[in-house]
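Open the model in your viewer and keep the selection box at hand. This tour goes stop by stop: what to select, then what is there.

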Amino acid sequence: MENGAAKPVIVAIDGPSGTGKSSTSKAVAAQLGLSYLDTGAQYRAITWWMVSNGIDIEDPSAIAAVAGKPEIVSGTDPANPTITVDGTDVAGPIRTQEVTSQVSAVSAVPEVRARITELQRSLATSAEYGIVVEGRDIGTTVLPDADLKIFLTASPEARAARRSGELKGADVHSTREALIKRDAADSSRKTSPLAKADDAVEVDTTELTLPQVIECVVTLVEEKRAAK
Ligand SMILES: Nc1ncnc2c1ncn2[C@@H]1O[C@H](COP(=O)(O)OP(=O)(O)OP(=O)(O)O)[C@@H](O)[C@H]1O
Ligand SMILES: Nc1ccn([C@@H]2O[C@H](COP(=O)(O)O)[C@@H](O)[C@H]2O)c(=O)n1
């Protein structure tokens, strides 16, 4: 931990699925004594609630009507990030294929985004030493004044291979197709789509190991902190 008397630093890490946002953000936050927020987990949590309550995911107005109902709470300790909905731990259920295949439809609804964005800003401003927030629209919409913005990329092949390894031998071709489909939906929605902020630093992780990406981001954060 390197908190010292440093001013809080806000780091936004965005990028498509499987580029290493969560692994990198968690490690960077832990190494630098910062909080950590996985915003994808929040969108997954509200999707889990919609599915569990029989809301028609094909109907944006039905989703919008109940977007304010579930209470979503994110724990921001990088060593133990937590996520609950109405007091229930949903860290496992939000990673199912059912949720993954429906999250883009739910996250495209403006009322859902307004609700979740408010939670994200509140957590970011209350982080004593600063925070690493990862997602799709953090640098462009949620925290446009972040001290540092990173946009991670990697080839679809590298991302599919990483995910298939994680899913214990899932078919690489179908994993690649699913990633591409989700990125296309997230990039083409009207409200705060997946996009690189103009002032973000792009890091292509295709040929980098995870420790190399972490080291690169830690160096960029330290440079920003030193200049504050
Ligand atoms: N540079 C890298 N080299 C090899 N594997 C990596 C690298 N970065 C991440 N990984 C692995 O790839 C997988 C996906 O990483 P991670 O979950 O961090 O990506 P993500 O961008 O947060 O994905 P998503 O947006 O879908 O949640 C993990 O198994 C992780 O360990
Ligand atoms: N800032 C964000 C973060 C995520 N989403 C949506 O959530 C989905 C799941 O994200 P993961 O990082 O857990 O894979 C993602 O596909 C987006 O639909 C978002 O819209 N904005």
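The stops below cover the cores, a helix pair and the surroundings of two ligands.

Keep in mind throughout that this is a predicted model.

**Stop 1: the largest nonpolar core**

Select Val11, Val28, Ile131, Val132, Val133, Leu143 and Ile150. These residues touch the most other members of the largest nonpolar core, which has 30 residues. Now colour by element. Two or more core residues come from each of β1 (9-14), α1 (21-32), β2 (35-38), β6 (130-135), α6 (138-142), β7 (148-153) and α9 (210-227). Which element gives the largest share of this core? It is β1, with 5 residues. As background, nonpolar side chains in soluble globular proteins tend to be buried together.

Stay on β1 and centre on Val11. Leaving aside residues up to four places away in sequence, Val11 touches Val132, Ala146, Asp147, Leu148 and Val221.

**Stop 2: the second core**

Next, select Tyr43, Trp49, Met50 and Ile63. They are among the 21 residues of a second, separate core.

**Stop 3: a helix pair**

Show α7 (residues 156-166) and α8 (residues 172-188) as cartoons. Their axes come within 8 Å and cross at roughly 115°. The crossing is right-handed. Add side chains at the contact. From α7, pick Pro156, Glu157, Arg159, Ala160, Ala161, Arg163 and Ser164. From α8, pick Val172, Thr175, Arg176, Leu179 and Ile180. By class, this contact has 6 nonpolar, 2 polar and 4 charged residues.

**Stop 4: ligand 1**

Select ligand 1 and expand to its shell. Which of the 17 residues around ligand 1 come nearest? They are Gly20, Lys21, Ser22, Ser23 and Arg162. The elements giving two or more residues to this shell are α1, α7 and α9. So far on this tour, α1 and α9 have appeared as contributors to the largest core, and α7 as a partner of α8. The shell around ligand 1 divides into 3 nonpolar, 10 polar and 4 charged residues.

**Stop 5: ligand 2**

Move to ligand 2, which 15 residues surround. Label the closest: Gly40, Tyr43, Ser107, Gly135 and Arg136. Tyr43 should look familiar, since the second core includes Tyr43. Two or more shell residues come from each of α2 (39-52), α4 (97-107) and α8. Of the elements, α2 gives the most, with 5 residues. By class, the shell around ligand 2 has 4 nonpolar, 6 polar and 5 charged residues.

Methods. Residues numbered from 1 in each chain as written. Chains lettered and ligands numbered in written order. Predicted model: local features only at pLDDT ≥ 70, side-chain atom pairs only at ≥ 80, totals over all residues. Core = buried A, V, L, I, M, F, W, Y, C linked by C-beta atoms within 7 Å. Buried ≥ 20, exposed ≤ 12 C-beta atoms within 10 Å, placed from the backbone. Helix = DSSP H or I, 4+ residues; strand = E, 2+ residues; numbered from the N terminus. Contact = placed C-beta atoms within 7 Å. Axes fitted to C-alpha atoms, helices over the stretch in contact; angles between N-to-C directions. Left-handed = near helix turned anticlockwise from the far one by under 90°. Nonpolar A, V, L, I, M, F, W, Y, C, P; charged D, E, K, R; others polar. Near = placed C-beta within 6 Å.
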